[in-house]
Amino acid sequence: TTAAVCIKEDVPGEEQEGVSAVSKTGAYGPSGAAHASSLVDTPLVAADLTLPYLDKSKEMIINGRVYDVSSFVKRHPGGSVIKFQLGTDASDAYNNFHIRSKKADKMLRSLPSREVEDEYHGDALSRDYEALRQELIAEGYFKPNPAHVAYRFVEVAAMYCAGVALIWSGRWWLGAIVAGIAQGRCGWLMHEGGHYSLTGNIKIDRHLQMVTYGLGCGMSGCYWRNQHNKHHTTPQKLGADPDLATLPLVAFHKIISEKAKNKSWISWQAPLFFGGIITTLVAFGWQFVMHPKHALRVNNYVELFWMATRYMLWHQCFGYLGLGGECLLYLFYLAIGATYIFTNFAVSHTHKDVVPKQKNISWSLYSANHTTNCDNGPICNWWMAYLNFQIEHHLFPSMPQYNHPKICHRVKALFDKHGVEYDVRPYWECVRVTYKNLLLVGNLGHDHNHED
């Protein structure tokens, strides 16, 4: 196959129902035993679905009506993410982000609206996606499981206790590794809270996220939601997805690396990222600068309390090591947790192509063309907390993640019907292409052999 990094321009082709058919995936199952590696860098080209009869400065379609959101953009509770849907059919984004919010529907009804144009019916893939979503809702796949949630919390608490016990017994390196992985798993757990798929109650899930993220990771749930919702709305879109705004530490795409000032650092980014240097620097900056700064700016003193409690507990447990000892232990523990979670998140998107800033594509094709699944199996499912099913997660972000393996075959059938790639690969293949992408993007001027 071609190299993992590619700058693919839209090519002319036979466009039908929002998809330009460049090539079609063969059959490959969700287990990942076989995968269409030949299609990794040549996904179906998505048509621009910006609607010419909408005012792109203030209008969008939501569930069959055109809404004027000009008076609402600045007071949108979710922040500026609403701007990314201007001039498009925002139904899929709205329905997925507000599936559990009656308040959102009330706000929507208060906005000026009109009937959609008679000739507009949306694209076929989006219509079938919505039909599948409604089926899954009716079948109960969006209902949380209290027993599973309890298990997840008990697991991270037990891992933290085990880590502390190991450190106290003198096996500090092993204890820090166990506690570091627990820290990363708190990141997986708070992620579900931020999507309101733990209990299904928005207020409760927000508080559970604040406790888990603040105490377990030293970070801010409100800042995470603000940034992560932008990523979910437009993954891999330039100027929109904050996961692409990674300089000066790392660049996942040629367009980003060309803007890097320190080319020498970027040339070493692959080993620096997987070796824990870059991931630790990111986590350190988040914990001690960006996240507390945001919580303070928005007066979220609950989150600041949990962050402060984290460090008081750390000092209470390990103050006997002295200031230098407990700080060094914390740095090692931080490096383990950050490398664990950031590298696992990176394997899902960062080697995929990007979407031009001015282009709008469908919710379904964002998930198909710009997302990769890691294979389905008990070890990988636990290691990535079911977020190895990133395609399903991006299609249905409010679905409890343990349900993804149960519905992945239906998602694949939907994609197969429309000739859309369902990209699933073995875990270590995902790691390999992610590492290679970082290496190639960091060394654009070198003559690499692009054949795998």
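These legends go with a set of close-up views of a predicted model.

**Figure 1. The whole chain at a glance, with 18 helices and eight strands.** Before zooming in, here's the overall picture. The chain has 452 residues, and 55% of them are buried. Take the contacts with a separation of 6 or more: 71% of these come from residues 24 or more positions apart. The views that follow pick out a few spots within this predicted chain.

**Figure 2. An open sheet of three strands, in the order β4-β5-β6.** The strands pair in the antiparallel sense. β4 and β6 (113–115) sit at the edges with a single partner strand each, so one side of each has no neighbour in the sheet. From one strand to the next, the twist averages 30°. Between β4 and β5 (residues 65–68) there are four bridges, while β5 and β6 are joined by three.

**Figure 3. A closer look at V66 and its partners on β4 and β6.** On the β4 side, V66 in β5 is the bridge partner of I61. On the β6 side, V66 stands opposite R114. Follow β4 and β5 to where they meet in a hairpin, and you'll find two residues between the strands. In that hairpin, N63 takes a positive phi near 50°.

**Figure 4. Strand β4 (residues 59–62), covered on both faces.** Is this strand buried or exposed on its two sides? E59 and I61 on one side are buried, and so are M60 and I62 on the other. Keep in mind that β4 is also an edge strand, with a single partner strand in the sheet. That partner is β5, running antiparallel to β4.

**Figure 5. The one cavity of 30 Å³ or more in the whole structure.** Rolling a probe the size of a water molecule over the atoms shows where empty space is left. Here, the largest cavity holds about 50 Å³ of space. Its lining is made up of N145, H148, V149, R152, E192, S197, L198, P400 and Y402. Sorted by class, that lining has four nonpolar, three polar and two charged residues. Which helix gives the most to it? That would be helix α4 (residues 146–168), with three residues.

**Figure 6. Helix α4 again, this time where it crosses helix α12 (residues 301–318).** The axes of the two helices come within 11 Å and cross at roughly 35°. From α4, the residues Y160, V164, I167 and W168 take part, and they meet R310, C317 and F318 in α12. By class, this contact has six nonpolar residues, one charged residue and no polar ones. So α4 turns up in two of these views, since α4 also gives three residues to the lining of the largest cavity.

**Figure 7. L395 and its surroundings in helix α16 (residues 390–395).** How much of L395 is accessible? Its relative accessible area is 0%, so L395 counts as buried. Leaving out residues up to four places away in sequence, L395 touches N96, Y129, W363, S364, S367, V411 and F415. One of these, V411, is 16 residues away from L395 in sequence. In space, the pair is 9.0 Å apart, going from C-alpha to C-alpha.

Conventions:
Residues numbered from 1 in each chain as written. Predicted model: local features only at pLDDT ≥ 70, side-chain atom pairs only at ≥ 80, totals over all residues. Heavy atoms only, no water. Buried < 20%, exposed > 50% of the residue type's maximum accessible area, 1.4 Å probe, protein only. Pairing = 2+ DSSP bridges. 1 Å grid on protein atoms, 1.4 Å probe; cavity = no way out; pocket = protein on both sides within 12 Å on 5 of 7 lines; lining within 4 Å. Points joined across faces, edges and corners; volume = space filled by probe spheres on them. Axes fitted to C-alpha atoms, helices over the stretch in contact; angles between N-to-C directions. Contact = heavy atoms within 4.5 Å.
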